[in-house]
Amino acid sequence: MLFPDFRARRLREKKNFRRMIRETKLSVDDLILPLFAVEGRKVKNPIKSMPGHFQLSCDLIAKKAREAWEIGIPAIILFGIPDKKDPLATKAYAKDGIVQKAVKEIKQKVPEIEVITDVCLCGYTDHGHCGVVDKGRIDNDASLDLLARTALSHANAGADMVAPSDMMDGRVGEIRQTLDEEGFSNIPIMSYAVKYSSALYGPFRQAAESAPQFGDRKTYQMDPANSLEAIREATMDVEEGADIIMVKPALSYLDIIYRLKEEIDLPIAAYNVSGEFSMIKACEKMGWIDGKAVMIETLLSMKRAGADIILTYFAMEAARELNK
Ligand code: PBG
Ligand code: ZN
């Protein structure tokens with residue numbers, strides 16, 4: 001049908017008609033809030049690169065989790081900043097590690113909310129890499145056991161789901177096997193399956209104090225130029241037992257989200273990363289954009305592309321907008 005028989009504007013005329021025919025809906029059900037745990041009590045360190053976000057001690061993180069739950073957010077994802085770093089990331093899998101303590105306190109005070117833990121070594125190694133370093137190289141296979149131990153210690157602390165973000169080959173299978181052997185066959189794995197080596201992680205690395213101290217992450221994270229490789233990575237993790245497949249970052253990789261949604265029959269998560277958050281915040285502060293409107297538009301674009309779940313630093317603000 002062509003103009004003038006068809007007029008695309010007819011159904012745009014009335015607000016309620018627009019509401020009725022809207023194809024994509026953003027919901028608070030889709031959102032996961034990332035939080036950063038530090039040692040101490042009553043500690044609230046502002047993260048300069050991420051306005052409105054803080055490194056929080058366990059007491060305050062539990063309070064934040066309560067707020068998130070009350071506004072309707074179903075889950076949080078935890079990152080830890082340990083008091084000590086060493087070459088083997090000992091504090092990542094210590095019983096009294098910061099994430100383990102945070103999980104315990106949150107599950108005790110806010111049992112209703114699901115607690116997901118980021119499983120990686122970079123925040124806990126003195127060299128800042130996501131795996132074990134041997135003669136300047138990141139040793140894939142030597143890292144697997146430490147990652148599995150980390151995931152297991154999170155599950156032992158009470159985590160509801162684990163999310164490996166290291167990009168070592170084979171880690172999903174290793175974690176699945178360890179969890180199953182230790183009685184945690186019910187704990188799902190959300191794999192950072194398709195994680196690109198992106199400059200958009202900059203603000204996060206300030207927040208988590210996890211920047212690599214030499215080199216970069218290009219030998220384990222993906223090349224932003226590749227999309228067939230995304231299918232291979234996702235397929236590998238599905239075979240190894242992943243329950244949710246994540247694409248990260250989100251905005252510059254909407255084509256990848258779309259493609260994986262077509263190819264993979266598991267829920268797809270998109271990580272709206274720190275750089276994507278901070279760019280919008282900075283522009284808003286300059287008075288150059290309407291921050292709230294851009295927030296909703298970008299989150300919606302991730303859902304439209306095919307994401308079922310969105311990890312976002314906007315979770316609280318978005319939930320407030322969506323509850324209006
Ligand atoms: C650690 C990790 C990173 C992010 C999540 N887990 C950073 C990295 O790989 O350097 C990035 C999150 C963000 O930028 O919001 N493996
Ligand atoms: Zn890492």
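Where is Phe17 placed? Phe17 sits in helix α1, which covers residues 15-21. Keep in mind throughout that this is a predicted model.

**Figure 1. A nonpolar patch on the surface that includes Phe17.** Leu11, Phe17, Met20 and Ile21 together make a nonpolar surface patch of about 400 Å². Phe17 counts as partly exposed here, because its relative accessible area is 36% and the partly exposed class runs between 20% and 50%.

**Figure 2. The largest pocket, with helix α1 on its lining.** This pocket holds about 490 Å³ of space. Elements giving two or more residues to its lining are α1, α10 (291-305) and α11 (315-323). Helix α1 has the largest share, with three residues. Among the lining residues are Lys15, Arg18, Arg19, Ile296, Leu300, Glu321 and Leu322. By class, the lining is made up of seven charged residues, four nonpolar ones and one polar one.

**Figure 3. The one cavity that turns up in the whole structure at 30 Å³ or more.** Rolling a probe the size of a water molecule over the atoms is a handy way to see where empty space is left. The largest cavity comes out at about 260 Å³. Its lining runs to 26 residues, and Phe79, Asp118, Cys122, Ser165 and Phe204 are the ones nearest its centre. Strands β4 (75-81) and β9 (190-195) and helix α6 (202-208) each put at least two residues into that lining. Sorted by class, the lining has 15 nonpolar, six polar and five charged residues.

**Figure 4. The second largest pocket, with about 270 Å³ of space.** Two elements, β7 (137-139) and α7 (228-240), give two or more residues to the lining of this pocket. There are 17 lining residues, with Ile138, Met168, Thr219, Tyr220 and Gln221 lying nearest the centre. The class split is six nonpolar, six polar and five charged.

**Figure 5. Arg41 and Glu105 in a salt bridge.** Side chains of opposite charge can pair when their charged atoms come close. Across the whole structure, a search finds 20 salt bridges. In this one, the closest N and O atoms of Arg41 and Glu105 are 2.9 Å apart. Arg41 is in the loop between β1 (31-38) and β2 (44-46), while Glu105 is in helix α3 (residues 98-109), so the pair ties together parts 64 residues apart in sequence. Glu105 counts as buried, because its relative accessibility is 11% and the buried class is under 20%. Lys109 joins in as well: Arg41, Glu105 and Lys109 are linked in a network of salt bridges.

**Figure 6. Arg66 and Glu112 in a salt bridge.** For this pair, the closest N and O atoms are 3.5 Å apart. Arg66 lies in helix α2 (residues 58-70) and Glu112 in the loop between α3 and β5 (114-119), so parts 46 residues apart in sequence are tied together. Are these two side chains buried or partly exposed? Arg66 is partly exposed at 24% relative accessibility, and Glu112 is partly exposed at 35%.

**Figure 7. Asp243 and Arg176 meeting in a salt bridge.** The N to O distance here is 3.9 Å. Asp243 is in the loop between α7 and β10 (244-248) and Arg176 is in helix α5 (residues 171-181), so to speak distant parts of the chain, 67 residues apart. Asp243 is partly exposed, with a relative accessible area of 31%, whereas Arg176 counts as buried at 12% relative accessibility.

Conventions
Residues are numbered from 1 along each chain as its sequence is written. Chains are lettered from A and ligands numbered from 1 in the order in which they are written. This is a predicted model: local features need pLDDT of at least 70, side-chain atom pairs count only at pLDDT 80 or more; totals for chains, interfaces and linings use all residues. Side-chain values use heavy atoms; hydrogens and water are left out. Patches are made of residues with over 30% relative accessible area and no salt bridge: like charges are joined within 9 Å, nonpolar side chains (Val, Leu, Ile, Met, Phe, Trp, Tyr) within 5 Å. Accessible areas come from the Shrake-Rupley method with a 1.4 Å probe; for residues, only the protein chains shown count as cover. A salt bridge is a side-chain nitrogen of Lys or Arg within 4 Å of a carboxyl oxygen of Asp or Glu. Helices (H or I, at least four residues) and strands (E, at least two) are DSSP runs, numbered from the N terminus. Buried means under 20% relative accessible area, exposed over 50%, partly exposed in between (1.4 Å probe, protein chains only). On a 1 Å grid over the protein atoms alone, a cavity is a set of points where a 1.4 Å probe fits but cannot get out, and a pocket is an open set with protein on both sides within 12 Å along at least five of seven lines; lining residues have an atom within 4 Å of a point. Grid points are joined across faces, edges and corners, and a volume is the space filled by probe spheres set on the points. Ala, Val, Leu, Ile, Met, Phe, Trp, Tyr, Cys and Pro count as nonpolar, Asp, Glu, Lys and Arg as charged, and the others, Gly among them, as polar.
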